[in-house]
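Colleague: I have a model open in front of me and would like your help with a close look at one part of it. Could you take me through that part slowly, and then set it in its surroundings?

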Amino acid sequence: MTNNDYVLETRNLNIFYGSFLAVTEVNIKIPRHKITAIIGPSGCGKSTLLRAFNRMNELYAGVHTQGEVLFNGQNLYDKNVDPVEVRYRIGMVFQKPNPFPKSIYENIAWAARIHGYKGNMDELVENSLRQAALWDEVKDKLKQSGLALSGGQQQRLCIARAIAVRPEVILMDEPASALDPIATLKIEELMQELKQYFTIVIVTHNMQQAARVSDYTAMMMLTGETRSGTVIEFDETNKIFTRPSDKRTEDYVTGRFG
Amino acid sequence: MRKTFESEIQQLKDEILVLGSMVEQAILDNVEALRKRDLDASRRLYAADARINARRFAIENQVMVLIATQQPMAHDLRLLASILEIAGELERMGDYAKGIATVNVRMGEQTLLKPLIDIPYMARKAVDMLHRALTAFVQEDAAAARAIPTEDDEVDALYNQVYHELMLYVIQDPRTVERANWLLWVAHNLERVADRVTNICERTLFVITGEIREIKSSDDEQETIQKQ
């Protein structure tokens, strides 16, 4: 693959919580229009790494970042880069669905409006809901509160809200862990649809989910004397789950560690 | 961790060894029944093949349950997939043994064209290879899995020897063609058993390395055909 085939790249990325080195020396490249899963045991820094991709860590007190995260070749941590702009290009969906306490329509229109969207709002709302595979279920109740939807629908509403501003990348932090199996499968199916338009990076505890949905997998683990998280293996998902190179990955995916 | 799963995998490996020894015994017993022209024994052995088939289905079922309930990955997944494959290979070997029973019964009152010497030797050789291949599988012994298939040449050489000898009988007296053909069929079945031992060794290497590769023996059919 050429450099243009990667949307994000980390170089010697280190992330600290105060003086504690939480994530260390991560050097990975995220392929464009693919789904990359980040897996690993609890507390190994998966979510911290994910949040580094759109500077979300800065919203947490005491976190600082060393190294580079290149987004289409541009270092997101350069002085002149606006973090708000970054989060607009690189959206995020969280573990717990978090729609605004507003109508379904407004959940989508609001974000687009503050990002200066001037086009036809009805069209944007419909297209975003369609892309998030939610339109048919909500088209007759767009004025209802987003909070009145089921958990799975709320999560798809959050995905619709994220894609309404046309990001290039969507980061998903355990997007289905609070959902039942049917709602989970809907989200997973949706991800396959969305990857033709966006690049997706997902953190998941569910290895079967990583195996089902992702094209590439990054395996993280605590290493060294500082017990800092790092990516110990990055490869095609098929390889990670059938013949991983690293013994620790083997132990983790076969359920013998972590 | 995963003690239950590991003990279930161990149990499946044991099941493969049991199925393997049933097949080994079936091959030796069938050749012995033919050598003695014991038709009753052959009829019994023919019917007994159903036990081998049932055992294979039981293994398949256990593997399916483990895949569905334990979501095996990586080495575990390769091992379970290989157990499925090897159970199938063993069942086919059982069919070759049963084929020998068929020959004996169909020969009826006809006498053996010649005393059986090379054919029992082929049977012992093939069974010995099979036994060691299954041991290599459960012990994940890559060196043995690579070495055993090279011995297939010996079995092929024995087959060729039997073939030429039988052809000499036929040339000298064309009326022996049917009786020669019975024995050729038996030798062919034994030769196929040894070929399938190679498949088991391929699976063993797959479990260990994660790569599926065909092991070539020098008599490789394709090579022979291409040379001609």
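Which residues of helix H4 (residues 121-131) of chain A are buried?

Modeller: Happy to. Please keep in mind throughout that this is a predicted model.

Let's start with the helix you picked. The buried residues of H4(A) are Val125(A), Ser128(A) and Leu129(A). If you look down the axis of H4(A), these buried residues fall within an arc of 95°, so they line one face of the helix. As for what they meet there, the buried residues of H4(A) pack against three helices of chain A: H3 (104-114), H5 (135-138) and H6 (151-164). Just where you leave the helix, there is a backbone detail to look at: H4(A) is followed by Ala133(A), which has a positive phi, near 55°. Most residues other than glycine have a negative phi.

Ala133(A) has company in chain A. Arg55(A) is not a glycine either, and its phi is positive, at about 60°. You will find Arg55(A) in the loop that links helix H1 (46-52) to strand S5 (63-71) of chain A. Arg55(A) has 20 C-beta neighbours inside 10 Å, and because 20 or more is the cut-off, it counts as buried.

Now zoom out to the chain that holds your helix. Chain A is built from 10 helices and 11 strands. Its radius of gyration is 18 Å, close to the 18 Å that the globule rule gives for 258 residues, so chain A is as compact as a globular protein of that length. The C-alpha trace of chain A spans about 55 × 45 × 35 Å along its principal axes. Of its 258 residues, 43% count as buried. Considering contacts in chain A between residues at least 6 apart in sequence, 68% join residues at least 24 apart.

Next comes the place where chain A meets its partner. Here 10 residues of chain A are in contact with 10 residues of chain B. On the chain A side, the elements that give two or more residues are helix H9 (237-242) and helix H10 (247-253). By class, that side of chain A has 3 nonpolar, 4 polar and 3 charged residues. For the model, the scores are ipTM 0.74 and pTM 0.84.

Across the interface, chain B has 8 helices and 0 strands. With a radius of gyration of 19 Å, close to the 17 Å that the globule rule gives for 228 residues, chain B is as compact as a globular protein of that length. Along the principal axes, the C-alpha atoms of chain B fill a box of roughly 70 × 45 × 20 Å. Buried residues make up 38% of the 228 residues of chain B, and 82% of the contacts between residues at least 6 apart in sequence join residues at least 24 apart. The average pLDDT of chain B is 94, and 94% of the residues score at least 70.

The interior of the model brings us to some particular residues. The largest nonpolar core has 129 residues, and those with the most contacts inside it are Ile119(B), Ala126(B) and Ala133(B). H3(B) gives the largest share of this core, 13 residues. Setting aside residues up to four places away in sequence, Ile119(B) touches Val31(B), Val162(B), Leu183(B), Val186(B), Ala187(B) and Leu190(B).

Pro120(B) is found in helix H4 (residues 118-139) of chain B. With 16 C-beta neighbours inside 10 Å, Pro120(B) counts as partly exposed. Not counting residues up to four places away in sequence, Pro120(B) touches Val31(B) and Arg35(B). The C-alpha atoms of Pro120(B) and Ile27(B) are separated by 9.6 Å, although these residues are 93 apart along the chain.

Val103(B), in helix H3 of chain B, gives another view. Val103(B) and Gln70(B) are 33 residues apart along the chain, and their C-alpha atoms are separated by 45 Å. Leaving aside neighbours within four places in sequence, Val103(B) is in contact with Leu34(B), Trp182(B), Trp185(B) and Val186(B).

Finally, the backbone theme returns in chain B. Gln71(B), which is not a glycine, has a positive phi of about 45°. Its place is in the loop between helix H2 (39-70) and helix H3 (74-107) of chain B. Gln71(B) has 17 C-beta neighbours inside 10 Å and counts as partly exposed.

Key: Residues numbered from 1 in each chain as written. Chains lettered and ligands numbered in written order. Predicted model: local features only at pLDDT ≥ 70, side-chain atom pairs only at ≥ 80, totals over all residues. Contact = placed C-beta atoms within 7 Å. Helix = DSSP H or I, 4+ residues; strand = E, 2+ residues; numbered from the N terminus. Nonpolar A, V, L, I, M, F, W, Y, C, P; charged D, E, K, R; others polar. Buried ≥ 20, exposed ≤ 12 C-beta atoms within 10 Å, placed from the backbone. Arc of directions from axis to C-beta. Rg over C-alpha atoms; globule rule 2.2 N^0.38 Å. pLDDT = per-residue confidence, 0-100. Core = buried A, V, L, I, M, F, W, Y, C linked by C-beta atoms within 7 Å.
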